[in-house]
Amino acid sequence: MKFKTLAILHFTGIALVVLRLCLIPLDDHLRFGIGHVVCWLVVVSAVFAFFYVPKGMSSRRWMKAYFGI
């Protein structure tokens, strides 16, 4: 899997998590377990993307720091 695909998955997942937090009441989060798959997608894609940052990328240092957190 390429880095660009992982980054798109990661940032899409972050957008979905933010939308979930803003639009769905907290009681429904706890009752239905909404978003576990999306949260895991964000975490796992960050772990994989940390190791796939291309060497030729100009902002490689910043990307490795972001995915490393």
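## Exercises on the packing of four helices

The buried residues of α3 pack against α1 and α4. Here, buried means under 20% relative accessible area and exposed over 50%, with partly exposed in between (1.4 Å probe, protein chains only). The model is predicted, so local features need pLDDT of at least 70 and side-chain atom pairs count only at pLDDT 80 or more, while totals for chains, interfaces and linings use all residues. Residues are numbered from 1 along each chain as its sequence is written, and side-chain values use heavy atoms, with hydrogens and water left out.

**Exercise 1. Describe the order of elements in the chain, and state what percentage of its 69 residues count as buried.**

Solution.
- Step 1: The chain has four helices and zero strands; helices (H or I, at least four residues) and strands (E, at least two) are DSSP runs, numbered from the N terminus.
- Step 2: From the N terminus on, the order is α-α-α-α.
- Step 3: Of the 69 residues, 23% count as buried.

**Exercise 2. Determine which residues of α3 are buried and which are exposed on the other side.**

Solution.
- Step 1: Helix α3 has 16 residues and spans 24 Å from its first C-alpha to its last, close to the 22 Å expected at 1.5 Å a residue. The expected span is 1.5 Å times one less than the number of residues.
- Step 2: Val42, Ser45, Ala46 and Ala49 are the buried residues in α3.
- Step 3: Viewed down the axis of α3, these buried residues fall within an arc of 105°, so they line one face of the helix. The arc is that of the directions from the helix axis to the C-beta atoms.
- Step 4: On the other side of α3, His36, Val37, Trp40 and Phe51 are exposed.

**Exercise 3. Establish how α1 is oriented relative to α3, and which residues meet.**

Solution.
- Step 1: The axes of α1 and α3 (residues 36-51) come within 8 Å and cross at roughly 150°. Axes are lines fitted to C-alpha atoms, for helices over the stretch in contact, and angles run from 0 to 180 degrees between N-to-C directions.
- Step 2: The two helices are therefore roughly antiparallel to each other; angles under 35 degrees count as roughly parallel, over 145 as roughly antiparallel, 65 to 115 as roughly perpendicular and the rest as oblique.
- Step 3: Residues of α1 including Leu6, His10, Gly13 and Val17 meet residues of α3, among them Val42, Ser45, Ala46 and Ala49. Contact means heavy atoms within 4.5 Å.

**Exercise 4. Work out how α1 packs with α4.**

Solution.
- Step 1: Helices α1 and α4 (residues 60-68) pack at an angle of about 50°, their axes 13 Å apart.
- Step 2: That angle makes α1 oblique to α4.
- Step 3: In α1, Phe3, His10, Phe11 and Ile14 meet Met63, Tyr66 and Phe67 in α4.

**Exercise 5. Place His10 in the structure: is His10 buried or exposed, and what does His10 touch?**

Solution.
- Step 1: His10 lies in helix α1 (residues 3-23).
- Step 2: With 3% relative accessibility, His10 counts as buried.
- Step 3: Not counting residues up to four places away in sequence, His10 touches Val42, Ser45, Ala46, Tyr66 and Phe67.
- Step 4: Phe3, Leu6, Ala7, Gly13, Val17 and Arg20 are likewise buried in α1. Seen down the axis of α1, its buried residues fall within an arc of 155°, so they line one face of the helix.
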